[in-house]
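Biologist: Could you take me through one part of this model, the surroundings of the ligand, and take your time over it? I'd like to hear which pieces of the chain are involved and how one of them is packed.

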Amino acid sequence: MPDVLVIGSGGAGLAAAIAACDAGASVVIATKLGVASCNTAKAQGGIQAAVGSDDDVATHFADVMRSSHDTADAVLARRLVEEGPATIAWLASLGVTFTRESDGSLRRARCGGATRQRLLQVGDRTGLAIASALREAVALRDGIVVLDHAPLVALASDGAALIERNGEQVLIEAGAIVLAAGGRCKRAAEETGELSTNGDGATGEVAALAVAAGCAERDHDSLQRHPTGAAWPAGLAGYAVPETTRAYGALLRNAAGEQFVDELAPRDVVAEAITRECAEGRGLTTPAGRPAVHLDCRPVAAADAEISFPYMLKRYRKAGIDPLTEPILVYPVLHYQNGGLIIDEDGRTSVPGIWAAGEITGGVHGRNRMMGNSLLDVCVFGRRAGAAAAATR
Ligand SMILES: Cc1cc2nc3c(=O)[nH]c(=O)nc-3n(C[C@H](O)[C@H](O)[C@H](O)COP(=O)(O)OP(=O)(O)OC[C@H]3O[C@@H](n4cnc5c(N)ncnc54)[C@H](O)[C@@H]3O)c2cc1C
């Protein structure tokens with residue numbers, strides 16, 4: 001039996017596995033779909049960390065608390081921001097090449113709710129770069145075995161786990177288990193008929209199994225909508241138009257062409273303003289009959305767009321729309337599970353032997369996550385949970 005069983009192969013699971021292995025533990029990762037399938041790899045805009053000379057962790061912390069409307073767990077939020085700069089250095093050491101300006105400095109953008117330019121980017125495929133680097137680091141470690149297409153289907157209160165693989169159920173009684181199975185916004189969207197940015201794995205059954213096994217949770221009802229989900233064309237519906245569009249000057253406009261919200265307000269404020277604009281008859285309607293407003297990227301300098309959201313431009317241009325010459329139709333879409341399993345600073349849940357990290361947990365961001373803090377969360381708390389779980393050997 002492994003010392004540590006990790007559930008999920010997104011950023012949190014991979015970071016936990018690496019940390020546990022580096023602490024001397026034998027590790028098995030069991031993941032539901034292919035090993036590369038996760039929301040982490042879909043993340044585009046970037047990762048926050050207070051690395052600028054005009055920034056510091058106290059300011060980052062204050063931004064997290066204010067954006068969460070003081071609902072974040074202050075202990076977790078402080079740990080998140082304090083480990084930001086070291087996490088960026090760790091990712092760079094694993095081969096993540098952050099985008100730099102021509103003078104060699106790290107390219108930084110100000111995202112919604114932030115008071116500083118703090119969002120570091122790898123073009124607009126930041127999550128893919130991080131997930132790929134973490135996967136490579138896992139592959140380099142002999143002490144980590146990866147079981148793909150191996151979902152967790154049952155969990156006992158002592159951490160014993162039932163994994164389904166090749167039509168059989170396998171009982172794994174590891175010394176410790178780290179739950180890193182992400183959120184549930186794919187399933188939630190199917191239930192409500194909304195669009196979602198999430199991948200197929202985001203169905204939430206692991207959190208439900210953990211709660212049934214006795215793990216306490218918080219803010220279960222709190223789901224975040226990404227303010228600018230693509231509403232049209234149909235082939236892009238649900239695609240998360242990166243928040244960096246607004247960071248570099250894109251404006252939100254109603255049917256009359258008027259701005260109606262501070263584009264860099266916290267996410268919930270922007271999403272609610274768009275929903276209200278449409279509900280009160282000032283929005284637009286897509287050819288498919290869905291409500292929408294315009295995201296006008298024309299104010300963005302072409303050079304900024306090509307550096308910070310080339311993938312988004314490519315996707316729209318392939319669909320026959322150039323966002324730099326015409327406004328695009330957007331509307332909030334289900335994106336992130338704010339709430340989840342309650343953890344301490346080391347990812348310990350309320351049940352001994354069961355750890356958790358990443359989107360499956362609640363508290364780090366309270367009831368309103370800032371953009372860019374989830375990629376940081378999965379690295380910081382994934383590593384902490386993995387190391388702490390390994391220490392129980
Ligand atoms: C389109 C998009 C863009 C985003 N952009 C950003 C961004 O720019 N910056 C930012 O900070 N955040 C962003 N986010 C949010 C962020 O990417 C995620 O919240 C974060 O990466 C979640 O990481 P995770 O490891 O907790 O979960 P995931 O990366 O989702 O990984 C969960 C893993 O668990 C597996 N799993 C699920 N159920 C089971 C089961 N029963 N048994 C075994 N395995 C299971 C899944 O298959 C998957 O491998 C974005 C999210 C999306 C969807």
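Modeller: Sure, and keep in mind that this is a predicted model. Among the helices, α12 (373-390) gives the shell around the ligand its largest share, four residues. Other helices that each supply at least two residues are α1 (11-22), α5 (126-139) and α7 (205-212). In total 45 residues surround the ligand, and the closest are glycines: Gly-8, Gly-10, Gly-182, Gly-201 and Gly-358. By type, the shell splits into 22 polar, 19 nonpolar and four charged residues.

Let's zoom in on α7, one of those contributing helices. Its buried residues are Val-206, Ala-207, Leu-209 and Ala-210. Looking down the axis of α7, you'd find these buried residues within an arc of 160°, so they line one face of the helix. The general background is that an α-helix has 3.6 residues a turn, so residues three or four places apart point the same way. As for what covers the buried residues of α7, the list includes the strands β1 (4-7), β7 (152-155), β10 (176-179), β11 (217-218), β17 (340-342) and β18 (354-356). Just after α7, Gly-214 adopts a positive phi of about 115°.

For the wider setting, the protein is divided into domain 1, made of 4-185 + 338-390, and domain 2, which is 226-334. Their C-alpha centres are 28 Å apart, and each domain puts 19 residues into the contact. On the domain 1 side, those residues are ten polar, six nonpolar and three charged.

Notes
Residues are numbered from 1 along each chain as its sequence is written. This is a predicted model: local features need pLDDT of at least 70, side-chain atom pairs count only at pLDDT 80 or more; totals for chains, interfaces and linings use all residues. Domain bounds come from an automatic or database domain assignment. Two residues are in contact if their C-beta atoms, placed from the backbone, lie within 7 Å. Ala, Val, Leu, Ile, Met, Phe, Trp, Tyr, Cys and Pro count as nonpolar, Asp, Glu, Lys and Arg as charged, and the others, Gly among them, as polar. A residue is near a molecule or strand if its C-beta atom, placed from the backbone, lies within 6 Å of it. A residue is buried if 20 or more other C-beta atoms lie within 10 Å of its own, exposed if 12 or fewer, and partly exposed in between; C-beta atoms are placed from the backbone. The arc is that of the directions from the helix axis to the C-beta atoms.
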